[in-house]
Structure formats: structure tokens, C-alpha cells
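Hello,

I am passing on the structure we talked about. Please look it over before reading the notes on pockets and surface that follow it.

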Amino acid sequence: MYSITTNNLTYRFNGKETVLSDINLQVPTGSIYGFLGPNGAGKTTTLRLLLGLLKKQDGEINIFNLPFEKNRIDILRKTGSLIESPSLYAHLSAKENLAILQKVYQCKPSRIEEVLKIVGLENTGKKSTGKFSLGMKQRLSIAIALMHEPELLILDEPTNGLDPNGIIEMRELLKQLNKDLGMTILVSSHLLAEIEKMVTHVGIINKGKLIFQGTMGELHEAQHQQSFMCFETGNVEKSKEVLKTNGIQFQQEGIQLHMPVLERELIASINKQLVEQDIKVYQISIVKNDLESIFIDLVK
């Protein structure tokens with residue numbers, strides 16, 4: 001079951017420049033979906049379309065299995081969002097900012113204390129938000145998005161500009177919302193390394209096209225397929241003969257021999273054969289491309 005689906009979503013600026021081309025998003029209910037891509041790839045445009053901040057041109061948008069255009073108000077009542085910079089009254093405290101939204105959303109006054117506790121800002125007192133750190137402002141913006149108890153949270157680059165500690169805090173907060181409240185979260189970023197420890201599913205967009213979509217496990221499988229073994233010994237030519245005898249295909253890279261990842265027993269057997277032929281073994285290792293490298297390869 002999906003909280004968000006799009007079918008051939010396409011958008012053009014000024015009716016000419018294609019910003020999005022046939023985007024087919026599938027955001028599973030209860031997931032944390034990482035929407036990844038370089039700056040200018042079309043992430044924010046997609047999120048604006050999902051929230052009705054841009055008028056849809058071509059394709060379909062369904063949220064909670066309902067067509068967005070015909071059910072806009074009902075859908076937005078169950079959706080919280082943070083797009084680009086947070087909108088806060090700098091001269092007001094966190095509670096005073098939320099009190100304004102409490103009246104807009106017509107939710108219970110006690111909800112203010114609830115959301116401040118959720119985001120870890122319950123002890124900020126009368127301190128004006130203009131004196132908040134960037135991380136505190138981001139958390140307050142998420143508190144605003146949570147005021148009406150949404151089922152779906154859409155966040156555009158929530159870690160942008162945060163220091164390493166702020167990034168960790170944001171990541172843990174979103175994981176907590178997903179785990180404790182069962183909230184579906186769609187979060188965009190241009191840095192895979194920031195959110196790979198948080199998301200369950202991922203979609204990668206580049207130049208307005210969705211080039212990968214699946215679980216983090218499937219992305220890790222792509223990583224595994226790009227892994228290889230590296231042998232480094234004291235005699236490259238003799239080592240090549242041993243590998244040929246065992247029917248192993250390899251490539252020579254300088255003094256190293258690269259090959260597909262081998263079974264453990266076969267690795268042990270080859271190591272034994274090399275030692276028995278008095279060949280010094282300096283290194284036998286598995287080289288894995290990190291997910292950041294795979295992301296870069298995909299967008300290239």
C-alpha cells in the first residue's frame with residue numbers, strides 16, 4: 001500500500017523547459033522514503049506539485065489512494081510539510097509561534113506542549129526564535145508541521161545547513177516519528193551519506209528523470225554487485241598462474257589482481273596454494289564501492 005503515487009508526472013517551466021519527465025513515485029505507507037538527487041534535479045518541484053504549491057500540468061498524483069486535485073483539502077489535512085526555509089516569527093517564542101498555528105489548525109491547546117516535547121524544544125521558555133540555532137529552527141518548523149497530527153510528512157532538505165550534530169539530531173527525530181507514530185515520511189536531500197542510515201526506501205532523480213527506485217536493501221545489492229576482490233602478492237606472474245589453474249577470471253591493475261568476489265572456502269584454498277608455492281601474500285581484500293559512489297555513478 002502506498003501513501004503517495006505519481007503516474008507520468010511531467011512539468012515544464014514556461015511551457016518549454018522540461019523540469020520533470022514521467023516521474024512515477026511509489027512511497028510505501030509507513031516508510032521513510034529518501035528522495036535523492038543533485039541540486040537542480042527536480043526534487044523541490046516534485047514536492048511542490050505533491051502539495052499543490054505548483055499547478056499540475058501532465059500526469060497523475062494520488063495521495064492516500066485519492067486523486068489530489070479532487071481531494072486537495074482532505075489530503076492536506078492529513079499532511080505536514082516543510083519546504084525550503086522555515087517560516088517563523090523571529091520576535092516570538094516557540095510556544096507563541098505554535099499558538100498562532102494552533103488557532104489556524106483549530107487543534108487542542110495542549111498540542112503545543114506535545115509537539116515541543118516531540119522535537120525536544122520543551123525547555124526553550126520565552127527565548128525568541130530569532131535567537132535559535134539553525135537546528136532549533138528546523139525542529140520548530142517540524143513541530144509546526146506536526147501540529148495537526150498528520151499521517152504523512154513531506155520535508156525538503158531538512159538537514160540543509162546543519163552541523164554534523166544537528167544532522168544526527170534531525171535523523172534521530174525523523175526515525176522516532178516514523179517508529180513511534182507510524183508516520184510516513186518523504187524527505188529530500190542531495191547527499192546520500194546524510195540519510196542512508198535513516199531511510200527504508202529511496203528514489204534517485206537526475207535531470208528531471210527518476211533513475212532508481214527501491215528499498216535500501218536493493219541499493220545495497222547494487223553496491224554488492226559492484227564489489228570486487230583484490231589480491232596483492234610478491235610475485236604477480238606466479239599468482240596469475242594460480243588463479244588461472246582455479247578457473248578464476250581477473251584483471252591486473254599494477255601489482256594488484258582484481259576479480260569478482262569469491263567464496264570463502266575458495267579464498268582460503270587459493271591463499272594456501274600461493275603460500276605453498278612460496279609466494280608472499282600481502283593482501284586479500286574485498287573492495288566495496290560506497291553508496292555515495294554508486295549514487296554518483298547513477299546520476300552520471
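**Pockets and one surface patch**

The lining of the largest pocket is made up of 12 nonpolar, 7 polar and 2 charged residues. Please bear in mind that the model is predicted.

This largest pocket has a volume of about 630 Å³. It is lined by 21 residues, and those closest to its centre are Thr-79, Gly-80, Ser-81, Tyr-105 and His-148. At least two lining residues come from each of α2 (72-77), β7, α3 and α5 (134-146).

The second largest pocket holds about 160 Å³ of space. Its lining divides into 1 nonpolar, 7 polar and 4 charged residues. Helix α1 (residues 43-50) gives the largest share of that lining, 3 residues. The full lining consists of Asn-39, Gly-40, Ala-41, Gly-42, Lys-43, Thr-44, Thr-45, Glu-84, Asp-156, Glu-157, Asn-160 and His-190.

On the surface, Tyr-89, Ile-100, Val-104 and Tyr-105 make a nonpolar patch of about 370 Å². Tyr-105 is thus named twice here: in this patch and among the residues closest to the centre of the largest pocket. Tyr-89 sits in the loop between β7 (79-82) and α3 (94-105). Tyr-89 counts as partly exposed because its relative accessibility is 46%, and partly exposed covers the range between under 20% (buried) and over 50% (exposed).

Regards

Key:
Residues are numbered from 1 along each chain as its sequence is written. This is a predicted model: local features need pLDDT of at least 70, side-chain atom pairs count only at pLDDT 80 or more; totals for chains, interfaces and linings use all residues. Side-chain values use heavy atoms; hydrogens and water are left out. Patches are made of residues with over 30% relative accessible area and no salt bridge: like charges are joined within 9 Å, nonpolar side chains (Val, Leu, Ile, Met, Phe, Trp, Tyr) within 5 Å. Accessible areas come from the Shrake-Rupley method with a 1.4 Å probe; for residues, only the protein chains shown count as cover. A salt bridge is a side-chain nitrogen of Lys or Arg within 4 Å of a carboxyl oxygen of Asp or Glu. Helices (H or I, at least four residues) and strands (E, at least two) are DSSP runs, numbered from the N terminus. Buried means under 20% relative accessible area, exposed over 50%, partly exposed in between (1.4 Å probe, protein chains only). On a 1 Å grid over the protein atoms alone, a cavity is a set of points where a 1.4 Å probe fits but cannot get out, and a pocket is an open set with protein on both sides within 12 Å along at least five of seven lines; lining residues have an atom within 4 Å of a point. Grid points are joined across faces, edges and corners, and a volume is the space filled by probe spheres set on the points. Ala, Val, Leu, Ile, Met, Phe, Trp, Tyr, Cys and Pro count as nonpolar, Asp, Glu, Lys and Arg as charged, and the others, Gly among them, as polar.
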